[in-house]
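Hi,

Here is the structure I promised to pass on to you. Please have a look at it first, and then read my notes below.

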Amino acid sequence: MLGIQSSSAPSASSAPTAPSSAGERFLTELLASADIRINGDRPWDLRIHNPAFFRRVMAQGTLGLGESYMDGWWDCDRLDIAFDKAMSAQLEMKLKFNWPLALDLAKARLFNRQTKALSKTVAEQHYNLGNDFYADMLDPFMQYTCAYWKRNGDAGKGASTLAEAQENKLDLVCRKLGLKPGMTVLELGCGWGGFARFAAERYGAHVTAYNISSEQVAYGRERTKGLPVDIRLQDYREAEGTYDRIVSIGMCEHVGYRNYRTFFKTLHDRLKDGGLALVHTIGGLKSVTSIEPWLGKYIFPHAMLPSVAQLSRAMEGLFVVEDWHNFGPDYDLTLMAWLENFERNWAKHRAAYG
């Protein structure tokens with residue numbers, strides 16, 4: 001989810017000026033290596049409104065970058081392109097040492113920040129924001145994960161709307177699991193119950209779901225009335241019984257590196273012999289023990305993105321990987337669709353959240 005805020009600061013001149021400090025020179029050259037210019041005229045170039053921006057980013061890293069944007073110190077027409085260029089060039093790995101990142105890494109090393117108690121923080125601060133708000137931003141199935149737009153080369157017709165793309169994703173999950181009428185499915189982290197409703201209505205599955213967000217559970221229970229769906233307000237570690245299939249869509253980002261083995265052990269213990277499990281997650285390029293500081297503070301507290309190495313170590317001896325499907329580039333289309341919905345409906349929610 002993109003945090004977008006209009007800036008009322010005056011526009012900077014599009015003509016680049018010579019850097020006036022060591023920090024400004026460093027960041028100007030760093031961004032230039034990713035084809036991003038300071039005060040350039042392209043949509044992905046950064047326009048700086050406060051010269052203290054450079055000192056703040058040098059001292060605080062990505063946290064300073066995000067907070068200075070929130071404060072109106074800089075602007076950019078196409079944040080998605082700018083961040084894609086910056087991440088592709090791995091600029092975050094070239095930033096110098098900063099204390100917020102060091103402190104966050106130390107906390108992650110010393111403490112398990114995804115215990116049953118602490119894991120509820122993200123539900124209380126993020127997922128419980130309000131079902132009406134999310135309904136105006138998401139699709140009819142309330143999917144808060146990457147949609148499947150079917151790029152060129154994929155079988156079938158490409159999606160032209162967010163609703164179609166999310167329906168494609170849900171159907172893809174069901175087909176990968178080989179769902180058949182009467183099968184029992186365990187879903188860990190069910191969001192607003194969209195997959196449970198889809199699997200029950202379209203494939204005749206019986207779904208038992210676990211979620212720690214009270215608002216999502218209430219919404220999901222209402223939307224699945226009359227269907228063979230049981231949504232429980234409990235932590236995934238409290239799941240009981242055995243099932244033909246298990247699915248987890250967008251929850252692994254909240255599990256934490258200290259709990260990956262517990263997560264996959266739970267899947268293993270709850271799955272019948274010969275069963276299939278499917279885990280849908282955002283993946284990281286390298287193994288980390290904490291999330292990027294700005295995202296951790298403002299979007300998903302105590303979250304982190306797992307790497308291939310971390311997941312494979314956690315499932316070693318428990319599962320055989322039958323399929324690995326990456327459609328990460330589809331997230332850009334998904335984010336832009338969410339942003340369009342958000343901006344179109346923001347006036348309705350400004351008084352409550354603005």
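What follows is a short tour of the sheet, the helices around it, the nonpolar cores and one buried arginine.

Please keep in mind that this is a predicted model.

Let me begin with the sheet. It is open and has five strands in the order β5-β4-β3-β6-β7, paired in parallel. At the edges sit β5 (229-233) and β7 (271-280), each of which has a pairing partner on one side only. From one strand to the next, the twist averages 15°. If you want to look at one pairing in detail, try β6 (residues 243-249) with β7: the two run parallel and share six bridges. Ile246 is found opposite Ala277 of β7 there.

Now for the helices that go with these strands. α7 packs on the sheet, where it touches β6 and β7, and its direction makes about 155° with that of β7. Helix α9 (residues 214-223) lies across β4 (206-211) and β5, and runs at about 165° to β5.

α7 also has a helix partner. The axes of α7 (residues 162-177) and α8 (residues 194-203) come within 10 Å of each other and cross at roughly 65°, and the crossing is right-handed. On the α7 side, the residues in contact include Glu167, Leu170, Asp171 and Arg175, while those on the α8 side include Phe195, Phe198, Arg202 and Tyr203. Sorted by class, this contact is made of eight nonpolar, one polar and four charged residues.

Next, the nonpolar cores. The largest one has 30 residues, and Tyr134, Met137, Leu138, Tyr144, Trp149, Trp192 and Trp338 have the most contacts inside it. At least two residues of this core come from each of α6 (131-137), α7 and α13 (330-353), and α13 gives the most, with six. There is also a second, separate core of 24 residues, with Leu170, Met183, Val217 and Val247 among them. You will recognise Leu170 from the contact of α7 with α8.

One last residue to look at: is Arg42 buried or exposed? Arg42 belongs to the loop between α1 (22-32) and β1 (47-48). Its relative accessible area is 15%, so Arg42 counts as buried, the cut-off being under 20%. Leaving aside residues up to four places away in sequence, Arg42 touches Asp35, Ile36 and Arg37.

Enjoy exploring it, and do write back with any thoughts.

Best wishes

Key
Residues are numbered from 1 along each chain as its sequence is written. This is a predicted model: local features need pLDDT of at least 70, side-chain atom pairs count only at pLDDT 80 or more; totals for chains, interfaces and linings use all residues. Side-chain values use heavy atoms; hydrogens and water are left out. Axes are lines fitted to C-alpha atoms, for helices over the stretch in contact, and angles run from 0 to 180 degrees between N-to-C directions. Helices (H or I, at least four residues) and strands (E, at least two) are DSSP runs, numbered from the N terminus. A crossing is left-handed if the near helix is turned anticlockwise from the far one by less than a right angle, and right-handed if clockwise. Contact means heavy atoms within 4.5 Å. Ala, Val, Leu, Ile, Met, Phe, Trp, Tyr, Cys and Pro count as nonpolar, Asp, Glu, Lys and Arg as charged, and the others, Gly among them, as polar. A nonpolar core is a set of buried Ala, Val, Leu, Ile, Met, Phe, Trp, Tyr and Cys residues joined through side-chain atoms within 4.5 Å. Buried means under 20% relative accessible area, exposed over 50%, partly exposed in between (1.4 Å probe, protein chains only). Two strands pair if DSSP finds at least two bridges between them.
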